[in-house]
Amino acid sequence: MAFPLRKMELRPLGNTGLRLSAVGFGASPLGSVFGPVSEADAVSSVREAFRLGINFFDTSPYYGGTLSEKMLGKALKALNVPRNEYIVSTKCGRYVEGFDFSAERVTKSIDESLARLQLDYVDILQCHDIEFGSLDQIVNETIPALQKLKEAGKIRFVGITGLPLEIFTYVLDRVPPGSVDVILSYCHYSINDSTLEDLLPYLKSKGVGVISASPLAMGLLTDNGPPEWHPASPELKSACKVAAAYCKEKGKNISKLAMQYSLSNKDISSVLVGMNSNKQVEENVAAAAELALFGKDQEALAGVEAILKPVKNQTWPSGI
């Protein structure tokens, strides 16, 4: 590694009392969502992440049709460390067969997830992509069901996830204070879209912790560019391609720059990024270590921001 390893920064998560590593391990790739991942590689990448100070691991029964949960469960077990040394988040309501936020389904869902993860409890259970269900059902049925799971000791905290930012205020304005502990937002705190920033004071006022996922905007802010199915506009894709080329020309890496941009906001408890190899883990931890030592690369960032300015905060419809 190019930089001396410092202890990974731990940040408080709202009012939960949890302290999450600034870099979070997104386990969706362990479900072979982006190509096959062997069990050996899954176990090795989780071990390397934990060794380097990552204590937060996020998954869902939806990722790889339950494979991500199974792989993460095996990898965490192989760590052979006390349960309180790592924080696990999984989700409910979204499955390969579709969406179901009913009290009955989410109650059954946690038992299935715990079996796959080989755990007695998860730290956070999140309603997954709630914009695809009825938000009123989330408020009146799903969240109360999750509260019961909390009382039963199967989960410690309750969360909601999704793409459109307005779903968070809709739910949080309608549930009893303290019944939602955390939100997970994705693609709204990266160089091309920082709209999550406007919501942070509101979330702080509610005592709600914030996790931000996909700092690379689902592949937009990478040298290889986004996957074929990416829902961004042609203009946004084109601008990101120009920005990546600009970074390359300057001897910089757009993905590292994007990761550091997302990590630099301390009001975000953890930046969740998908990983499936030791190399990816080490690159993300190195980006955090470099940021802690030297701060953001202001010059490169200014150049990228200038290129992306015409398409800044341009979002896309939910649907992935």
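**Entry 1: α8 against α9**

I looked up which residues hold α8 and α9 in contact in this predicted model, and I found that Lys256, Met259, Gln260 and Leu263 of α8 meet Asn284, Ala287, Ala288, Glu290 and Leu291 of α9. Sorted by class, the residues of this contact divide into 5 nonpolar, 2 polar and 2 charged. I then took the geometry: helix α8 covers residues 254–263, and it packs against α9 at an angle of about 60° with the two axes 9 Å apart. That angle makes α8 oblique to α9, and I noted that α8 passes α9 in a right-handed crossing.

While I was in α8 I also checked Ser262, which is found in this helix. Is Ser262 buried or exposed? Ser262 has a relative accessible area of 1%, and because buried means under 20%, I entered Ser262 as buried. Leaving aside residues up to four places away in sequence, I found that Ser262 touches Tyr189, Ser190, Pro215 and Val271.

**Entry 2: α1 against α9**

I turned next to the other contact of α9 that I had on my list. Helix α1 (residues 39–51) and helix α9 (residues 278–294) have axes that come within 8 Å and cross at roughly 20°. That makes α1 roughly parallel to α9, the cut-off for this term being an angle under 35 degrees. As for handedness, α1 passes α9 in a right-handed crossing.

On the α1 side I listed Ser44, Ser45, Glu48 and Ala49, and these meet Asn278, Val281 and Glu282 on the α9 side. By class, I wrote this contact down as 2 nonpolar, 3 polar and 2 charged residues.

I also looked up Asp41, whose place is in helix α1. Asp41 has a relative accessible area of 41%, so I recorded Asp41 as partly exposed. How far apart in space are Asp41 and Asn276, given that 235 residues separate them in sequence? From C-alpha to C-alpha, I read 6.9 Å between Asp41 and Asn276.

**Entry 3: α2 against α3**

For the third helix pair I took helix α2 (residues 67–79) and helix α3 (residues 103–117), whose axes come within 7 Å and cross at roughly 45°. The two helices, α2 and α3, are therefore oblique to each other. I found Glu69, Lys70, Leu72 and Gly73 on the α2 side of the contact, with Ser113, Arg116 and Leu117 on the α3 side. In classes, I counted the contact of α2 with α3 as 2 nonpolar, 2 polar and 3 charged residues.

**Entry 4: two residues with positive phi**

I looked into the backbone angles with a general expectation in mind, namely that most residues other than glycine have a negative phi. Ser214 is not a glycine, yet I found a positive phi of about 60° there. I placed Ser214 in the loop between β11 (209–213) and α7 (234–249), and at 18% relative accessibility Ser214 counts as buried.

Asn313, also not a glycine, has a positive phi of about 65°. I located Asn313 in the segment after α10 (298–308), and with a relative accessible area of 32% I noted Asn313 as partly exposed.

**Entry 5: Lys241**

I picked out Lys241, which is found in helix α7. Is Lys241 buried or exposed? The relative accessible area of Lys241 is 66%, so I entered Lys241 as exposed. I also checked Lys241 against Gly24, which is 217 residues away along the chain, and I found their C-alpha atoms separated by 26 Å.

**Entry 6: the chain as a whole**

I finished with the totals for the protein chain. Its secondary structure comes to 10 helices and 12 strands. Along the principal axes, the C-alpha atoms fill a box of roughly 55 × 40 × 35 Å. I compared the radius of gyration with what a compact globule of 320 residues would have, which is near 20 Å, and the 19 Å that I found for the protein chain agrees with this.

I noted, too, that 56% of the 320 residues count as buried. Lastly, among contacts with a separation of 6 or more, I found that residues 24 or more positions apart account for 76%.

Conventions
Residues are numbered from 1 along each chain as its sequence is written. This is a predicted model: local features need pLDDT of at least 70, side-chain atom pairs count only at pLDDT 80 or more; totals for chains, interfaces and linings use all residues. Side-chain values use heavy atoms; hydrogens and water are left out. Axes are lines fitted to C-alpha atoms, for helices over the stretch in contact, and angles run from 0 to 180 degrees between N-to-C directions. Helices (H or I, at least four residues) and strands (E, at least two) are DSSP runs, numbered from the N terminus. Angles under 35 degrees count as roughly parallel, over 145 as roughly antiparallel, 65 to 115 as roughly perpendicular and the rest as oblique. A crossing is left-handed if the near helix is turned anticlockwise from the far one by less than a right angle, and right-handed if clockwise. Contact means heavy atoms within 4.5 Å. Ala, Val, Leu, Ile, Met, Phe, Trp, Tyr, Cys and Pro count as nonpolar, Asp, Glu, Lys and Arg as charged, and the others, Gly among them, as polar. The radius of gyration is taken over C-alpha atoms; the globule rule is 2.2 Å times the number of residues to the power 0.38. Buried means under 20% relative accessible area, exposed over 50%, partly exposed in between (1.4 Å probe, protein chains only).
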